[in-house]
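Biologist: I have the structure open and want the reasoning behind the labels. Can we go through them one by one?

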Amino acid sequence: VIQTMKFLNIDQIMIYNLTWLGEYMRNNFGIFVLILCAMILAVRIFLPMATTNFIFATALLPLAEASGVSSWLIGVIILLISETSFFNYQSPHILLFRTKNEGCLNFDEATVTLFRFLLLLLKIAAIYLSIFFFWNRLDLI
């Protein structure tokens, strides 16, 4: 898809329209990560994980390349955050688990939601720690 976008110059149009985001990507990667996480989580409320991955990858991988940031790093962040779910309908894993164990297990929904939120915070912390300890040393940002 990205090669087709390059051939049709769609990537240049997207880069031009997302210049503001590219500025954060180049100059303040920490803020960019927060903006990206917020956008992905907002989209995930309405769209499934695979669709969200496709949308953000096709929009941001050319922007990362143009900004001099590793597209691999952007892809990892997209995959890691888009896998997050706050509601049961957002996660095929949880739906399958509930279907297969219907009536066998009882658990508190509030505890599961709290766990999901804490897991999101842990993912974001892992991204920031990896940027600090790993990505800067490899000069990928």
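Modeller: Keep in mind that this is a predicted model. Let's start with aromatic pairs: the count comes to one.

Biologist: What makes Phe 29 and Phe 32 a tilted pair?

Modeller: Ring centres must lie within 6.5 Å to pair. Those of Phe 29 and Phe 32 are 5.4 Å apart. Stacked needs planes under 30 degrees apart, and edge-to-face needs over 60. The planes here are at 40°, so the pair is tilted.

Biologist: Where do Phe 29 and Phe 32 lie?

Modeller: Both are in helix 4, residues 29-44. They sit three residues apart, about one turn of the helix. Both are buried as well.

Biologist: Why is Asn 53 called buried?

Modeller: Buried means under 20% relative accessible area. Asn 53 has 17%, so Asn 53 counts as buried. Asn 53 belongs to helix 5, residues 49-67. Leaving out residues up to four places away in sequence, Asn 53 touches Ile 78, Leu 79 and Ser 82.

Biologist: And why is Phe 132 called exposed?

Modeller: The cut-off for exposed is over 50%. Phe 132 reaches 55%, so the label is exposed. Phe 132 is in helix 8, residues 109-135. Phe 132 also joins Leu 129, Phe 133, Phe 134 and Leu 138 in a nonpolar surface patch. Together they have about 540 Å² of accessible area.

Biologist: How many salt bridges are there in the whole structure?

Modeller: Two.

Biologist: How do you know that Glu 23 and Arg 26 form a salt bridge?

Modeller: The nitrogen must be within 4 Å of a carboxyl oxygen. For Glu 23 and Arg 26, N to O is 2.6 Å, and the side chains meet in a salt bridge. Both residues lie in helix 3, residues 19-27, about one turn apart. Partly exposed covers the range between the 20% and 50% cut-offs. Glu 23 is at 35%, so Glu 23 counts as partly exposed. Arg 26, with 39%, is partly exposed too.

Biologist: Which side chain meets Lys 123 in a salt bridge?

Modeller: That of Glu 83, again at 2.6 Å, N to O. Lys 123 lies in helix 8, and Glu 83 in the loop between helix 6 (71-82) and helix 7 (92-100), so the pair ties together parts that are 40 residues apart in sequence.

Biologist: Why is Lys 123 called buried?

Modeller: The relative accessible area of Lys 123 is 9%, so Lys 123 is buried. Glu 83 has 36% and is therefore partly exposed.

How values were computed
Residues numbered from 1 in each chain as written. Predicted model: local features only at pLDDT ≥ 70, side-chain atom pairs only at ≥ 80, totals over all residues. Heavy atoms only, no water. Phe/Tyr/Trp six-rings, centres within 6.5 Å; stacked < 30°, edge-to-face > 60°. Helix = DSSP H or I, 4+ residues; strand = E, 2+ residues; numbered from the N terminus. Buried < 20%, exposed > 50% of the residue type's maximum accessible area, 1.4 Å probe, protein only. Patch = residues over 30% accessible without salt bridge, like charges linked within 9 Å, V, L, I, M, F, W, Y side chains within 5 Å. Areas by Shrake-Rupley, 256 points an atom, 1.4 Å probe, with all protein chains shown as cover. Contact = heavy atoms within 4.5 Å.
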